2 protein chains.
Amino acid sequence: MSTIQDVAKEAKVSVATVSRVLNNSPLVLPDTRQSVLEAIRILNYQPNLLGRNLRRTETKMILVLLPTIANPFYSRLVKGIEDAAHAGGYNIMLCNTDSDKSREEVYLELLKKRLADGVIFMAPELDVADLDRTSLISPTVQCCEYREGAKVSHVSIDNFAAAKDAVEYLIKCGCSRIGHISCKNRFVSTIQRKNGYRKALEEAGISFDPELTAYGDYGFNSGYKAAKKLLSLNNRPEAIFAISDIMAIGAIKAIRENGLRIPSDISVMGFDDISFALMYDPPLSTVSQPKYELGKTAVELLMRQLDKQNKEPEDIILPYKLVIRGSTIKKGENIQ
Amino acid sequence: MSTIQDVAKEAKVSVATVSRVLNNSPLVLPDTRQSVLEAIRILNYQPNLLGRNLRRTETKMILVLLPTIANPFYSRLVKGIEDAAHAGGYNIMLCNTDSDKSREEVYLELLKKRLADGVIFMAPELDVADLDRTSLISPTVQCCEYREGAKVSHVSIDNFAAAKDAVEYLIKCGCSRIGHISCKNRFVSTIQRKNGYRKALEEAGISFDPELTAYGDYGFNSGYKAAKKLLSLNNRPEAIFAISDIMAIGAIKAIRENGLRIPSDISVMGFDDISFALMYDPPLSTVSQPKYELGKTAVELLMRQLDKQNKEPEDIILPYKLVIRGSTIKKGENIQ
DNA sequence: TTGTATGCGTTATCAC
DNA sequence: GTGATAACGCATACAA
């Protein structure tokens with residue numbers, strides 16, 4: 001493995017000149033540049049980035065913390081992050097936290113140990129204070145999920161409006177008893193979606209029934225169990241709004257097991273628009289998040305901090321889209 | 001940000017001693033160690049790994065190249081890799097190549113530039129010669145997919161036996177016209193699965209009909225289209241064996257659109273056993289790969305090279321499992 | 001325009 | 001058992 005020294009010797013110039021060529025400095029004569037490039041070619045030289053990183057105290061690496069890549073919601077998001085990062089000369093380190101705070105902290109060590117220049121949280125387990133502390137060490141951005149009150153940039157959709165829209169659609173379809181499958185966490189998205197659900201009911205003059213809300217953990221089985229519970233009510237729901245597609249699909253399994261049909265007996269609405277939503281039979285109606293753009297925007301927010309352009313936290317809201325497919329009855333097609 | 005120098009000054013020892021404490025050297029007095037640890041605590045010191053990496057010319061980082069994390073097949077696999085890597089003191093860099101050779105090469109630059117100590121290929125686009133060249137630079141392992149003839153370790157299942165088993169099962173269920181949805185690539189797994197399919201037919205005395213093989217690209221739509229083609233044959237298949245679960249699910253969509261039912265009219269068998277296979281309705285019969293173990297084993301193979309324990313390439317075959325669920329008719333339940 | 005010299009933070013090789 | 005000090009490979013301030 002040859003070093004910059006070897007190249008300098010071969011090209012009969014100083015290491016400084018080689019370094020200049022490597023970094024496209026304008027103040028090096030074309031002839032000199034040529035002979036350096038020739039030496040690089042001859043020696044098949046590859047700069048050792050460890051040296052550069054140490055010298056510059058930067059790694060051109062972004063830490064990306066997410067619960068698990070097993071959740072297909074993150075696939076497109078990561079793609080958006082990856083593309084934007086590459087465009088800016090950065091690479092990413094994808095880390096599964098399993099929604100475990102201590103795992104998250106272990107990965108943040110990499111930041112403290114200078115192995116990454118910045119971090120994007122997809123669903124921070126850290127509390128507001130820790131998040132603020134992290135942002136003091138390195139540029140930090142929250143994407144999709146975020147902690148309210150933290151002085152840390154974030155990008156997300158308007159979860160309240162999205163949930164309200166989704167439930168309003170179900171109401172317009174003629175459903176008035178609408179079940180909600182939520183999660184027992186304190187994520188802003190969860191709370192906002194729940195609020196959107198209640199607001200839609202309220203505006204339609206439908207009284208909120210706490211029995212119609214069941215809880216899961218975003219997983220398939222939890223959606224199945226939550227729906228079983230809702231279906232066991234004396235007055236079962238005519239529609240179910242779940243805060244994740246996977247839970248919605250679990251709910252459909254439960255509904256079918258009870259001998260009911262989708263969507264004629266019960267409509268089901270999901271959230272996220274993961275790729276499976278379209279593959280499922282029936283294709284799932286859902287709230288589509290602009291996943292690629294969310295990821296891309298998160299990186300842009302981070303870049304602005306990395307470039308020291310902006311130290312102030314920014315909050316960006318991206319548009320969502322209600323996607324109606326086969327798991328909800330169409331307006332006007334309801335029996336009532 | 002304090003450095004090792006600051007700690008040395010604070011603890012009134014040399015940087016060498018601090019370094020020894022940091023690296024758990026046995027030859028440092030308990031008292032000295034204590035005072036160093038105290039200084040570290042006071043200064044809230046974090047070692048800068050860039051310095052260590054440069055000095056040791058290692059990064060404790062493993063490059064993991066896969067087509068895309070959007071393919072859920074890789075979720076558990078990555079988990080296995082991650083856990084094993086962490087256990088060995090390594091972190092991983094997950095890289096989506098989009099099955100694009102040039103993207104793969106870009107990521108391999110990270111290896112040449114010493115930003116990673118080794119690489120695991122999940123589905124190498126590189127040819128045998130390039131793969132051999134890479135293994136000369138750094139420890140290299142192929143996981144699941146591999147190039148035959150490359151002097152590079154690999155771990156996978158016996159794709160021939162697995163496919164043969166799957167097709168034999170369909171035959172035992174009474175199906176004799178069995179369609180195959182494959183891919184037009186040169187992956188060993190593809191070829192072996194095709195061979196297993198043919199071998200099962202042959203042993204059952206069923207003549208191979210080239211018309212019964214259609215091609216896709218592992219994606220949902222491609223499975224859908226391939227099945228459409230198979231269904232348009234004069235003598236349509238009684239069962240379909242796809243080499244990916246996602247294509248199998250696409251095939252089911254096509255079958256249902258043609259007014260046929262799963263599994264009574266047509267049985268469908270997938271491959272991989274992704275999480276969605278169990279969530280789908282009907283739950284998909286498929287060949288289950290030991291995903292977590294495949295990932296774990298790949299790291300172990302790599303570690304042996306990193307430790308210089310073993311330079312010779314090793315080939316490991318892990319057991320698969322045929323999982324029968326609702327998308328195939330049960331033995332004895334066939335109409336014939 | 002190019003070269004010299006220094007330092008980034010750490011570990012390792014020597015002395016002592 | 002501990003301390004000086006020389007690398008590791010590169011970028012950059014300054015000198016020429």
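A residue counts as buried if 20 or more other C-beta atoms lie within 10 Å of its own. The exercises below use this cut-off on a model that is predicted.

**Exercise 1.** Work out whether the end-to-end distance of helix H5 (residues 73–87) of chain A agrees with its number of residues.

*Solution.* Begin with the expected span, which is 1.5 Å times one less than the number of residues; for the 15 residues of H5(A) this gives 21 Å. Then take the end C-alpha atoms of the helix, which are 23 Å apart, and this agrees with the expected span. Just after H5(A), Gly89(A) takes a positive phi of about 85°.

**Exercise 2.** Decide whether H5(A) is largely enclosed or largely open, and find what covers its buried residues.

*Solution.* First, list the buried residues of the helix, among them Phe73(A), Tyr74(A), Leu77(A), Ile81(A) and Ala85(A), together with the charged Arg76(A) and Glu82(A). Next, use the count: 11 of the 15 residues of H5(A) are buried, so the helix is largely enclosed by the rest of the structure. Finally, turn to the cover, which includes strands S1 (61–66), S2 (91–96) and S3 (118–121) and helix H13 (291–306) of chain A, and also strand S2 (91–96) of chain B.

**Exercise 3.** Describe the side of chain B that touches chain A.

*Solution.* Start with the contact as a whole, to which chain B gives 33 residues and chain A gives 32 residues. Among the elements of chain B that give two or more residues to this side are helix H5 (73–87), helix H6 (101–112) and helix H11 (245–257), while H4(B) gives the most, with 5 residues. Sorted by class, this side of chain B has 16 nonpolar, 9 polar and 8 charged residues.

**Exercise 4.** Find which residues come nearest to DNA strand C, and which element gives the largest share of the surface near this strand.

*Solution.* Of the 27 residues around DNA strand C, those that come nearest are Ala16(A) and Thr32(A) from chain A, with Ile4(B), Asn48(B) and Gly51(B) from chain B. The largest share of the surface, 5 residues, comes from H4(B). By class, the surface divides into 13 nonpolar, 10 polar and 4 charged residues.

**Exercise 5.** Locate the residues with the most contacts inside the largest nonpolar core.

*Solution.* The largest nonpolar core has 186 residues, and those with the most contacts inside it are Val64, Ile120 and Ala251 of chain A and Val64, Ile120 and Ala251 of chain B. Taking Val64(B) as one of these, its contacts beyond four places in sequence include Ile81(B), Ile92(B), Leu94(B) and Ile120(B). A second, separate core of 9 residues includes Ile4(A), Val7(A), Ala11(A) and Val18(A).

Note on methods:
Residues numbered from 1 in each chain as written. Chains lettered and ligands numbered in written order. Predicted model: local features only at pLDDT ≥ 70, side-chain atom pairs only at ≥ 80, totals over all residues. Helix = DSSP H or I, 4+ residues; strand = E, 2+ residues; numbered from the N terminus. Buried ≥ 20, exposed ≤ 12 C-beta atoms within 10 Å, placed from the backbone. Contact = placed C-beta atoms within 7 Å. Near = placed C-beta within 6 Å. Core = buried A, V, L, I, M, F, W, Y, C linked by C-beta atoms within 7 Å.
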